[in-house]
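I opened the notebook to record what I looked up in this structure. The entries follow the order in which I checked things.

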Amino acid sequence: MSGTVSWWTVAVIAAGSYGFKAAGWFGLGRVLSGPRMQNIAGLLPPALLAALVVTQTFAVNTNQLVIDERLAGVAVGMLAAWRNAPFWLVVTLAGATTALLRI
Amino acid sequence: MAFGTDVPGSFCHTRSSRVKKRIRLTAKKYAKDAVIMGAAVGIFGAGFGVLAVDSGFSTLQACAMSLLVFTGASQYSAASVIGSGGDPVSAIGAALLLAARNGLYGMTMSSKISGSLWKRAGAAHLTIDESTALAVGQPDPADVEGAFFAGGLAVFVFWNLGTLAGALGGQVFGDAEALGLDAAFAAGFVVLAMPALRTPAGRTAAIFGGTIAAVATLGFRPGVPVILAAAGALGAYAIHTPRSAR
């Protein structure tokens, strides 16, 4: 399948991701060390991932939020994840719930 | 040599066998953990391959992401932002905000693993949640380096094989929406966030981030709300860190 994504996007994400890793290994990261940056960097994933859950669950087109079949699937998935279900089971339960409601 | 270790009167032999056995056992221990972890991550990788192709990445680009970016949450977020109509700048911003923590892992690991420039440059690429967790979790400091590379390489192999399988298999899914893939990916983000959600500060960050994203979706282009949600991390930090420790 041919993509619609620019290779520049792939390249910049790759370079930036390696940049962070290497910065840590080669001391450049020491500028940003200290407990404050460590705490904030550790809290970025839950904040951004929650944002992705929200947009992936409620957003349609541009500037619109709706409640539809996705919410039921995500709720089932959340429950499974909270109970420590493995990744494949969580996504399968979420997808199947939403797919069933869409029939 | 089935009875080798039981030969009586051969102290030296027995002792070296014991040492060998111990080395073999510890090697087995983290190698097994690494493979189990890698196999589990392979399914994540397949999920990324499906999402990436569904979002407009080519199969080659999906594989390039997993080979070169090699950090799961960043890859998922980039694909989700682009799939929802976000521009490349938002996708890059969200991916790199999520990649920042690997810098902290790199700092932690660089104090435990030394070696040539090439070795450390390679180790840097393998610096992710899983390899760092496996290495830091070793009770014997002598195992840290082996566990880091075993974990990193196992995840790297399975993650990339999974991505390829998902990208190729994902093209078979005709109607991604009828299969509930949009909800499945949202649930996938929940799984990625789960370790952080088990801490009070992580939960606060998630509530702030989710709320900011919901409100911002009403006024901004797709992708921007995810970036703005980073402010949720600052808010959670301000609330959960005692003033004296800031």
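Entry 1, chain B along its sequence. I read chain B from start to end and noted the pattern α-α-α-α-α-α-α-α-α-α-α. That comes to 11 helices and 0 strands, where helices (H or I, at least four residues) and strands (E, at least two) are DSSP runs numbered from the N terminus.

Entry 2, ground rules. I am working from a predicted model, in which local features need pLDDT of at least 70 and side-chain atom pairs count only at pLDDT 80 or more, while totals for chains, interfaces and linings use all residues. Residues are numbered from 1 along each chain as its sequence is written, and chains are lettered from A and ligands numbered from 1 in the order in which they are written.

Entry 3, burial and contacts in chain B. I found that buried residues make up 52% of the 246 residues in chain B. Buried means that 20 or more other C-beta atoms, placed from the backbone, lie within 10 Å of the residue's own (12 or fewer is exposed, in between is partly exposed). Two residues are in contact if their C-beta atoms, placed from the backbone, lie within 7 Å. Of the chain B contacts between residues at least 6 apart in sequence, 71% join residues at least 24 apart.

Entry 4, one residue. I picked B:Gly38, which lies in helix H1 (residues 11-55) of chain B. Is B:Gly38 buried or exposed? B:Gly38 is buried because 23 other C-beta atoms lie within 10 Å. Leaving out residues up to four places away in sequence, B:Gly38 touches B:Ala154, B:Val155, B:Val157 and B:Phe158.

Entry 5, where the chains meet. I noted that 68 residues of chain A are in contact with 93 residues of chain B. On the chain A side, H2(A) gives the most, with 23 residues. By class, that side of chain A has 41 nonpolar, 23 polar and 4 charged residues. Ala, Val, Leu, Ile, Met, Phe, Trp, Tyr, Cys and Pro count as nonpolar, Asp, Glu, Lys and Arg as charged, and the others, Gly among them, as polar.

Entry 6, one helix pair. I checked H2(A) against helix H4 (residues 88-110) of chain B: their axes come within 9 Å and cross at roughly 140°. Axes are lines fitted to C-alpha atoms, for helices over the stretch in contact, and angles run from 0 to 180 degrees between N-to-C directions. H2(A) and H4(B) are therefore oblique to each other, since angles under 35 degrees count as roughly parallel, over 145 as roughly antiparallel, 65 to 115 as roughly perpendicular and the rest as oblique. Among the residues that meet are A:Leu44 and A:Leu48 in H2(A), and B:Leu97 and B:Leu104 in H4(B).
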